[in-house]
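Me: I would like to understand the reasoning behind the labels that are used for a model of this kind. Could you take me through them with care?

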Amino acid sequence: MTTSRRLADRKIVKFDKNITKRGSVPETTTKKGKDYPVGPILLGFFVFVVIGSSLFQIIRTATSGGFA
């Protein structure tokens, strides 16, 4: 499967524009921001589950005398 000539020409033009700019080309073409892949509520829930399960395990181990 080959790329179309029009798509190849667009890529060549974009590449040529970047070459002529030399030092002023950004590192990435995507926008940088403080956008996290998960929301703060989901992250908080995950931390709650992990810490809660570890505390539950510690309590269960302590009450069973170290044999779980």
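Me: What makes Arg5 and Asp9 about one helical turn apart?
Reply: Arg5 and Asp9 are four residues apart in helix 1 (residues 5–21), so about one helical turn separates them; a helix here is a DSSP run of H or I with at least four residues, numbered from the N terminus. This is a predicted model, in which local features need pLDDT of at least 70, side-chain atom pairs count only at pLDDT 80 or more, and totals for chains, interfaces and linings use all residues. Residues are numbered from 1 along each chain as its sequence is written, and side-chain values use heavy atoms, with hydrogens and water left out.

Me: Why is the contact of Arg5 with Asp9 called a salt bridge?
Reply: The term requires a side-chain nitrogen of Lys or Arg within 4 Å of a carboxyl oxygen of Asp or Glu. The closest N and O atoms of Arg5 and Asp9 are 3.6 Å apart, and the pair forms a salt bridge. By this rule the count comes to one salt bridge.

Me: Which of the words buried, partly exposed and exposed fits Arg5, and which fits Asp9?
Reply: Buried means under 20% relative accessible area, exposed over 50%, and partly exposed in between, with a 1.4 Å probe and protein chains only. Arg5 has 61% and therefore counts as exposed, while Asp9 has 33% and therefore counts as partly exposed.

Me: How do you know that Leu42 is exposed?
Reply: Leu42, which lies in helix 2 (residues 40–63), has a relative accessible area of 51%, so Leu42 is exposed.

Terms used
Helix = DSSP H or I, 4+ residues; strand = E, 2+ residues; numbered from the N terminus.
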